[in-house]
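Me: I would like to go through the labels attached to this model one by one and ask what each of them rests on.

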Amino acid sequence: MSEQKRIAKELDQRVAERTRELAEANEALKKELVAERQRTEAARRASDQDSRVIVGSMPGLVAILTPAGGVDAVNDELVEYFGRTLEELQQWGTSDTVHPDDLTHVIQIFTKAIASGEPYDFEVRLRRFDGAYRWFQDRGLPRRDASGAILRWYVLHTDIDERKRTEDALRHSEASLRAIVETTPECVHVIAGDGTLLSVNAAGAAMAGASSVDLMLGRNFYDFVTPEDRERYRAFNVSVCAGQKGLLEFHIVRMDGERRHLETRAAPLRNDDGTVAQLGVARDITARKEAEARLRESERHLRQLTETIPVMLWSATPEGAIDYCNARFLEYTGFDAEQLMGSGGFTKILHPDDLDQTVQEWLSCIRTGASFRVEVRKFHAADATYRWCMANARPLLDEHGRILKWYGTVVDMHDWRQAQEELRQTQEKLAYMMRVTTMGELTASIAHEVNQPLSGIMTNAGTCLRMLAADPPDLAGASETARRTIRDANRASEVIVRLRALFSGKELTTESMDLNEATREVIALSMSELHRHRVMLRPELADDLPLVTANRVQLQQVILNLLRNASDAMVGVDDGPRQLLIRTERDEGDRVRLTVQDVGVGLEPHVIDKLFQAFYTTKSSGMGIGLSVSRSIIEKHGGRLWGEPNDGPGATFAFSIPRVPERTTGAALVMRNS
Amino acid sequence: MVQRSLVSVVDDDESVRESLPDLLRQFGFAVQAFSSAEAFLASEFVSQTNCLILDIAMVGMSGPDLQQELTRRRQAIPIVFITAHGDKTVRPRLLAQGAAECLFKPFSDDALLEALSNALGMR
């Protein structure tokens, strides 16, 4: 700004000099003209020619006009400048000699001057020979005779183009500077050393809550600063006015009473009078400060959450180095954050036996971006043991799918896992006990089945020997008893064949099997017992039953259990037949169903749920594990087992299993959870 | 042996009814076989029977049931129980209730003869 002022000053000086030179030239000219007038009045007309000659040799652009304003003569420089003849120049009012934008104005002044005889002076753009317009100062002076009548007009064109251009540039520069200052959204102000507001832009006024700049000017800016910041601001202003640049955050109270947070960048501004003021640019940072505060609060809240949540949290760099563990994590493992951070830091807390596999898995996840999930033993500081934990982590990806960060949790599942293990062991024990129990009952059945024909064999053999030993020997009788012996031996053999079929399958292996065949074997084994209990068994086995994939022995245990329960339930039935229906059929969804229906004591609705719990029994002699284990077996086969009361007397138990069992793991899980 | 003793066999197993009477006849007894306790009770041989060979587990009235019924009717017939079930606990209970013997199938012809001799000797 001061540079521009200096230029303007120099310019003014130069113009003044030139004006003075011109004035001197004018004066000289005037003197010469007066002298000439004094020399000869008579030779006036002739002297016109002379003066033309004189003008022609004068430096500068000079024209001589008639009293009516017509161009009478011009000097060589003028012709040279315009590149036009005298005749052409005489038509200046209608040609492009004068800049079209100036022409109307020029003609107006010129016409008025010619009419009034008053000297004229204006600025005008004139066309040079090459078509460029340059600014000139045109001064016209009338030359009068003794009577005062105008003889001629003498016109001097002074080239002021350079000055005009500088002035334009300056004006333009100042205008844009002012425009910038006025349109900037930041407050631009000049404050004197004592705090007086010397100047401020519209944004500054708005920032202070003033409706116009005028309301602000002349006031002491210190009054806007809040009391607690005022002394600090005063010191700052003094420092700037002493020549120091500076930056300050402070609060103001706006004219409408609202409190705002400002930030000012300031530099010293030297005035013409030698005093120094503060040129400052202030911005309202209230929103920014509030956002920062909210962010800090949000971060604090998040940190509080991660530090108090009863789960171990951690994060890691894309390369897999731990870069954060929450308090719970550190407390659990007893390590410092520094010990766990960085590449491989987490290996310190892993059980040595789990180390290799976990590291391999982690490295693989880092490579592929797959979710990390391992069951691993981690060091537990409180009792200095390793406990089973579930560690999980998922990658945070950018829009290109690159890993930015890993976020993970660790959950102690030691107790849960142990409980699961105990539950599994209990289930196994139960299943074993059921097998033992069933085996005991089976043994009794087998004994009965085998003893019956054996008894026949021994009786017949004894009879046979006695018949042969008689005198005379009863050969016909001996032959008959020997025949019976063979028959009973065959009968025993058939029992053995059935037993071998029942126990041939290895434990827990499955095979494609015919449920009907398995059912028939169980019926055959149970027949005598059912018979003894006066049970009328009615088998309804479907002809087109699909094969199932199952463990034969286990499935037969279930069927045997259902038959025995049904039989037991009908012990008290004496007023009618003890009917027992066993049915096989296709079930919905590629399943096969087996139903056992009795007419016994039935089921109270409230005991149905308990029926399948271990050690629940309605029988005085049972252990109450039959249905529980049966259900486990059926669920292991991907099926389900249920019981319901009949509409009439008795109850119905049934199971339904798929033709192809579900995955063993899934079924096993179901079993553990049940 | 002027008059042969009558031994009645009650068993729901046909092969027993088939084979046992032949052996008993070899021993020199007169024999009647019945497929159920009810059939025996309904017959004319109850009072003539000197010894009863009785299966324990039968459809309908069981062996012990028949024993009770006979006691109720004051028909004091010595009873030799036979059973294919290997439950050894049943024997002392039956003997305590007045049975002559309890044989587990399969039993030898000698064991049967001894049991019958004892039962008939008790008379």
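Me: How many salt bridges does a search of the whole structure find, and what makes a pair of residues count as one?

Reply: This is a predicted model, and the search over all chains gives 57 salt bridges. A pair counts when a side-chain nitrogen of Lys or Arg lies within 4 Å of a carboxyl oxygen of Asp or Glu.

Me: Why is the contact of B:D109 with A:R466 called a salt bridge?

Reply: The N to O distance between the two side chains is 3.3 Å, and the cut-off is 4 Å, so the pair qualifies. Because B:D109 belongs to helix α5 (residues 109–122) of chain B and A:R466 to helix α13 (residues 414–469) of chain A, this salt bridge joins two chains.

Me: Are these two partners, B:D109 and A:R466, buried or partly exposed?

Reply: B:D109 has 16% relative accessibility, and since buried means under 20%, B:D109 is called buried. A:R466, by contrast, has a relative accessible area of 25%, which falls between the limits of 20% and 50% and therefore makes A:R466 partly exposed.

Me: What makes B:D13 and A:R491 a salt bridge, and where do the two residues lie?

Reply: Their closest N and O atoms are 3.2 Å apart, which is within the 4 Å that the term requires, so the label holds. The pair crosses between chains, with B:D13 in the loop between β1 (6–10) and α1 (14–27) of chain B and A:R491 in helix α14 (residues 475–503) of chain A. B:D13 is buried because its relative accessible area of 12% is under 20%, while A:R491, at 30%, is partly exposed.

Me: Which parts does the salt bridge between A:R583 and A:E540 tie together?

Reply: The side chains of A:R583 and A:E540 meet at 3.3 Å, N to O. A:R583 sits in strand β19 (residues 578–587) and A:E540 in strand β17 (residues 535–541), both of chain A, so the pair ties together parts that are 43 residues apart in sequence. A:R583, at 26%, and A:E540, at 31%, are each partly exposed, because these values lie between 20% and 50%.

Me: Which residues are linked in a network of salt bridges?

Reply: The network links A:E480, A:R483, A:R484, A:R487, A:D488, B:E18, B:D22 and B:R25. One of them, A:R484, lies in helix α14 of chain A and is buried, since its relative accessible area of 7% is under 20%. The side chain of A:R484 also reaches the backbone oxygen of B:E18 at 3.1 Å, so this is a polar contact, for which the limit is 3.5 Å.

Me: How do you know that A:L404 may belong to a patch?

Reply: A patch residue needs over 30% relative accessible area, and A:L404 has 45%, so A:L404 passes. Together with A:L396 and A:Y407, A:L404 forms a nonpolar surface patch with about 290 Å² of accessible area, and its place is in strand β15 (residues 403–412) of chain A.

Me: What makes strands β8 and β9 of chain A a pair?

Reply: At least two bridges are required, and eight join β8 (residues 246–253) to β9 (residues 259–270), so the two antiparallel strands of chain A count as paired. A:F250 stands opposite A:L262 in β9(A). The strands form a hairpin with five residues between them, and A:G257 in the turn has a positive phi of about 90 degrees.

Key. Residues are numbered from 1 along each chain as its sequence is written. Chains are lettered from A and ligands numbered from 1 in the order in which they are written. This is a predicted model: local features need pLDDT of at least 70, side-chain atom pairs count only at pLDDT 80 or more; totals for chains, interfaces and linings use all residues. Side-chain values use heavy atoms; hydrogens and water are left out. Helices (H or I, at least four residues) and strands (E, at least two) are DSSP runs, numbered from the N terminus. Buried means under 20% relative accessible area, exposed over 50%, partly exposed in between (1.4 Å probe, protein chains only). Patches are made of residues with over 30% relative accessible area and no salt bridge: like charges are joined within 9 Å, nonpolar side chains (Val, Leu, Ile, Met, Phe, Trp, Tyr) within 5 Å. Accessible areas come from the Shrake-Rupley method with a 1.4 Å probe; for residues, only the protein chains shown count as cover. A polar contact is a pair of N or O atoms within 3.5 Å; within protein, one must be able to donate a hydrogen and the other to accept it, and residues adjacent in sequence count only if both atoms are side-chain atoms.
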